[in-house]
Amino acid sequence: MNPALTKIGAQMSNLTGVRAIMKDIVETLQASQGQELINLSAGNPLILPEVEQLWRDATAELLASAEYGEVVCRYGASQGYAPLIEAIANDFNKRYGLNLTSRNILITPGSQSLYFYAANSFGGSASNGELRQIVLPLSPDYTGYGGVCLQPEALIAYKPTLDIDAANHKFKYRPDFSQLAVSEQTGCIIFSRPCNPTGNVLTADEVNKIAALAANYNVPVLIDSAYAPPFPALNFTEMQPIFGDNIIHCMSLSKAGLPGERIGVAIGDEKFIQVLECFQTNLCIHASRYGQAIASRAINSGKLGEIATQVIRPFYQNKFAVLETTLDAAMPKDLPWFLHRGEGAIFAWLWLKDLPITDWEFYQELKKVGVIVVPGSTFFPGLQEEWSHKHQCLRISLTGSDAEIVAAMQRLAKVAEQVYQRAVVSA
Ligand SMILES: Cc1ncc(COP(=O)(O)O)c(C=O)c1O
């Protein structure tokens, strides 16, 4: 007999967005015996030898030091391991001319948990009964935001405007400030910069405008910087992190080679950090300390920042260039296809305008030619209104080899041509 679940229990046993698709992908991979599949669905970063070596060396140093027992054999403070907090404060103060103290920083077990704390501390039912919204100012955005609200009705996303460069088959999303509403009902605002899934980087002006709207109501703005500089520095366009009284700068060390160690970081005003820290104490006491200890060494030595810009960024930027060049050469010029500008992160985002079938059906067609990508409709959490664009996009991971990316994009171009042609014939 199934256990009787509460509303929250039922809600949290649902897999949202991309995690639901992953089940189909895993089954496809398991059933593929013999057939070689090019899997460009992963959000898992590749293991780059220089990055693995960095963490191996930091681990060897830790093991050889007296600190080891202190790190793994003891509980610690909920706020995080003090040497890591100090390393981040020093690094950020030096890089960005800030005056951070340890009270401005919280370490969490991965950044996903941070969004869970924030969404449920600032969003959902307030003590006066009003519903406080968790606002995603530009949809599509990270699918994981769909699962973090205990009251899903609190999640509200806004349709963007589209900047289209038709001649070059490129486009870029922009926040639609004519629609974006911030009020007493807003609990918090969240967006990723660079963005998973699109690779978009909101401009400094756009970020400052969102932060200013939110400041009028003392609303915190969480800038999900999982791909941003200084590490992993997966920005392919110039960008600087933006700080401010109501901005919580959120980082992750996952894309810098430590996804398994689960390290997230929140940097912001003490009043927000304390709320999030208490939530964490209640939930899990603190993040694991081993990853924090090796991270503090890699930050203090400057090696993490260096490897991010010299190894991690060029590796994925080159993958994007391979994908873009192949699509430019292989896609029929007369089809209305548009690649989102590759400004960062580890994905490409392709829009097939007026696609005659859904993104899910297109994903199935691609599977038949041995290519796996992620249907785009999973990346619009919180967007209530129907919008055909939602069913016309695909997320393609840059985690394949160059040869795999070339072969996959050539096959995708053929499938696209056939799908649009079939629609013309049957019309
Ligand atoms: C934009 C974005 N935010 C947050 C996360 C979660 O990362 P973490 O491993 O730090 O929980 C991811 C993971 O892919 C991501 O792409």
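How do the residues of the shell around the ligand divide into nonpolar, polar and charged? In this predicted model, three of them are nonpolar, 10 are polar and one is charged. The shell holds 14 residues, and the closest to the ligand are Gly110, Ser111, Gln112, Ser252 and Ser254.

Away from the ligand, a good place to look next is the nonpolar core. The largest such core has 120 residues. Within this core, Ile189, Val221, Leu222 and Leu350 touch the most other members. Helix H10, spanning residues 303-330, supplies the largest share of the core, with eight residues. Ile189 makes a handy starting point for exploring the contacts. Leaving aside residues up to four places away in sequence, Ile189 touches Val135, Pro137, Ile210, Ala214 and Val219, as well as Val221 and Leu222.

The strands can be followed in a similar way. Six strands form an open sheet with mixed pairing, in the order E6-E7-E12-E13-E16-E15. Its edges are strand E6 (161-165) and strand E15 (374-375), each of which pairs on one side only. The partner of E6 is strand E7 (residues 170-174), and the two run antiparallel, joined over five bridges. At the residue level, Ile164 has Phe171 in E7 as its bridge partner.

For the wider context, an unreviewed UniProt entry places the feature "domain: Aminotransferase class I/classII large" at residues 36-412. Over residues 36-412, the chain is 36% helix and 18% strand, and the C-alpha atoms at the two ends are 16 Å apart.

Conventions: Residues numbered from 1 in each chain as written. Predicted model: local features only at pLDDT ≥ 70, side-chain atom pairs only at ≥ 80, totals over all residues. Near = placed C-beta within 6 Å. Nonpolar A, V, L, I, M, F, W, Y, C, P; charged D, E, K, R; others polar. Core = buried A, V, L, I, M, F, W, Y, C linked by C-beta atoms within 7 Å. Buried ≥ 20, exposed ≤ 12 C-beta atoms within 10 Å, placed from the backbone. Helix = DSSP H or I, 4+ residues; strand = E, 2+ residues; numbered from the N terminus. Contact = placed C-beta atoms within 7 Å. Pairing = 2+ DSSP bridges. UniProt positions renumbered as here; feature names shortened; annotations may be inferred.
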